[in-house]
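Q: I am new to this structure. Please pick out a single part and give me a close look at it, with enough background to place it.

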Amino acid sequence: MLAESSTDHNKNTRWESIFWIVFLLILLWLSNDFDKPLRYFPLGAAFWPKVVISFMAIATAILFASTFITRIEVENTQNSHLEETPKDLAGVGWRTFAIFITPLIWALIMHKVGFLLTTPFFIIFFTRFMGVTNWRVLLSYTVLFYSTIVFVFYKLIFTPLPMGAGDFHTVTGELMALIQ
Amino acid sequence: MEDFLIGTTLLFTSPAGVGIFIGGLIGGLVFGAIPGLSTLTLAAVLLPFTAWMSAEYAIMLYGVIYVSGVYGGAITAILFNIPGSVENAPTAFDGYAMTRKGEASKAIGYAVTCSAIGGTLSAILMMIATEPLADFAISTFGPVEITALIFFGLTVVAGVGSRSLCKGWLSLGLGLMIGTIGSDPVGGIPRYTFGTLYLAGGIGFIPLILGLFAVSEVLLQAQKILKGTYKAPSISVKFPAAAEFWAMRWVVVRSTIIGWFSGILPGVGATLAAFLSYNEAVRWSKTPEKFGTGIPEGVVAPETANNAATGAAMIPLLALGLPGGALTAMMIGVFNVHDMEIGPLIMIEAHDLVWILFASMFWASLAILLLGVIESKGIVHLLRIPFTLLAPAILIFSTIGAYALRDNIFDVYSMLIAGVAGYFLRRSDYSVPAIVMGVILGQIGENSLAQALTMLDDSFIGFFTEPISGVLCTAALLTILVGIIRRYRQFSLVK
């Protein structure tokens, strides 16, 4: 069992090492764009990034080499938050995907439609995906939390938040005038 | 002493003075606790209004906001893994882990008490030795020494938050690389910007921190909820005992010194103070592997240091007119609004005004203790809210925080990308604290390194021949060596 999990761990670490090597090669290639000596600093703008890339390359090489050494880690039960970190996405399904994608969709739509108009929908959908199924709880929480946000950020401290574009900008502007 | 009493009397004898003091205290605490709406926002909003206040009240208000704001950011860092500002980020490393272990009240207790101790000691030192110490620090610590100091600080970062030293190094490297995005500090040459205007200014600290801490935490906990493995943190309102505080005495002393010294250095301030003192707490600990898992030293060190930096930051500001950060720079604006110029003559020309500032910062530090003790008993009950309802709130507050700082939707995208990246990195045992420290210390460090190399004719030998930087660089190399040996001993090799 231990040997099996150690093999899996080594396999993952090797894939991670390959990822880092590719990532570092891309960074190195991109650094050619600005790899010129500067008037007051002959080492140039690429000096520091190249130092860091070299440092990371050494760390990657050691990480990769470490997968060929069989080892038993001394029990480290203190590192509790690392222990409880989920290691896979198996058996979770569409709701995990929805939880990952909803904030991104909200951010994209917010830019076009505005914070004021999109946020209630985000609260409803995200809370639903998190597992709240009672519609009464869902709606009352949305109303309460949304009103608090609007009061604090639009009425009390006038925080600049996305207003949307085109007609949405106008609607948000009118709503804000109404609130303020 | 007499000056201090005069300052205190001028501060508290009028109802307006008391009102402004309390308003500044609460304003700083609230704005410091809301990510993105930092004390800078409050200070910027209030700047025009200071023209209608007397100079004494205006400068006192800014002193109080500065002190309370630095503490305010610790609350959300501890309870929800959302640092209110960059200098509170290291507090989240262990503070939030303590919350997950059911010790939120204890963590807040440590944070508030140590913030008060750091702030008060710093205020006392500020009153005793403003001018000579400013001269000493600024004449002794140049770019060479600052670079060496940051190198020294970076050497322990890899050991925090990851079980693998290599992954810790890679996390640190990733942070340092993120810090290089944008214009280079010497020639302003764009690096890794892909021709976009947004990246030319670099990736903002706040969106990055919110993404790596808050968003990734929501994603991790959400996955646990869906898998049925989520455990809500237990709530206790237990304040740390006197003996527990006593056990922290050396951490407090060390962090006060680090915070105070970092505060004096112009352009360095509370952020570096918090990160360096966290690193030193790791370095001096007998159990460095426990950092990041929820131990009090991880809260005590950054909170003492970032508050100790507040008083110290006044020293170069008042004595030499050099601001240590954005808020202290705004204080110059307050003085200018009232037709005064900061510099060596300020102690003579506006003697009472300076002592009102000193007194207000001293009393604000003590008032934080009172407010914080009450707060620590009450605010932990926020954790009773189920995480299913808390998660959208965390995401919305983080989004507001990321957007409002620069009025830029790309900051929200950066935050979300950092959140997803942080989720996968944490799952693979990479260290988020090391990434954040890499970004922050890397940016300050690169700037100093470029200046130092110019001064040393591009020779690295110079770092070892200058006395202070020589000691720091040697100690840094020894730390790397000791770290490798320590980690090596944690593994038993099987033939």
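**From chain A to a helix contact**

A: In chain A of this predicted model, 58% of the contacts with a separation of 6 or more join residues 24 or more positions apart. Start with that chain as background. Chain A holds seven helices and one strand. Along the sequence, the order is α-α-β-α-α-α-α-α. The strand therefore comes after two helices and is followed by five, as elements are counted from the N terminus. Chain A has 180 residues, and 39% of them count as buried. The exposed surface of chain A is about 10,600 Å². Carbon and sulfur atoms supply 70% of that area.

Now the close look. Take helix 6 of chain A, residues 135-156. Its partner here is helix 18 of chain B, residues 387-406. The two pack at an angle of about 20 degrees. Their axes lie 12 Å apart. Angles under 35 degrees count as roughly parallel, so helix 6 of chain A and helix 18 of chain B fall into that group. The crossing of helix 6 of chain A past helix 18 of chain B is right-handed.

Which residues touch? From helix 6 of chain A come A:Tyr141, A:Phe145, A:Ile149 and A:Phe153. Helix 18 of chain B brings B:Leu389, B:Leu390, B:Pro392, B:Ala393, B:Ile396, B:Phe397 and B:Ile400. By class, this contact has eleven nonpolar residues. It has no polar and no charged residues.

Follow helix 18 of chain B onward. The loop between helix 18 and helix 19 (409-427) of chain B holds B:Asp407. Look at the backbone there. B:Asp407 is not a glycine, yet its phi is positive, about 60 degrees. Most residues other than glycine have a negative phi. B:Asp407 has a relative accessible area of 44%, so the residue is partly exposed.

Chain B offers a second case. B:Asp457 sits in the loop between helix 20 (432-455) and helix 21 (462-465) of chain B. Its phi is positive too, near 55 degrees, and B:Asp457 is likewise a residue other than glycine. Is B:Asp457 buried or exposed? With 66% relative accessibility, B:Asp457 counts as exposed, because the cut-off for that class is over 50%.

To find the main spot again, go back to the two helices. Place A:Phe145 on helix 6 of chain A and B:Ile396 on helix 18 of chain B, both among the contact residues. Then trace helix 18 of chain B to the loop that carries B:Asp407.

Definitions and conventions: Residues numbered from 1 in each chain as written. Chains lettered and ligands numbered in written order. Predicted model: local features only at pLDDT ≥ 70, side-chain atom pairs only at ≥ 80, totals over all residues. Heavy atoms only, no water. Axes fitted to C-alpha atoms, helices over the stretch in contact; angles between N-to-C directions. Helix = DSSP H or I, 4+ residues; strand = E, 2+ residues; numbered from the N terminus. Parallel < 35°, antiparallel > 145°, perpendicular 65-115°, else oblique. Left-handed = near helix turned anticlockwise from the far one by under 90°. Contact = heavy atoms within 4.5 Å. Nonpolar A, V, L, I, M, F, W, Y, C, P; charged D, E, K, R; others polar. Buried < 20%, exposed > 50% of the residue type's maximum accessible area, 1.4 Å probe, protein only. Areas by Shrake-Rupley, 256 points an atom, 1.4 Å probe, with all protein chains shown as cover.
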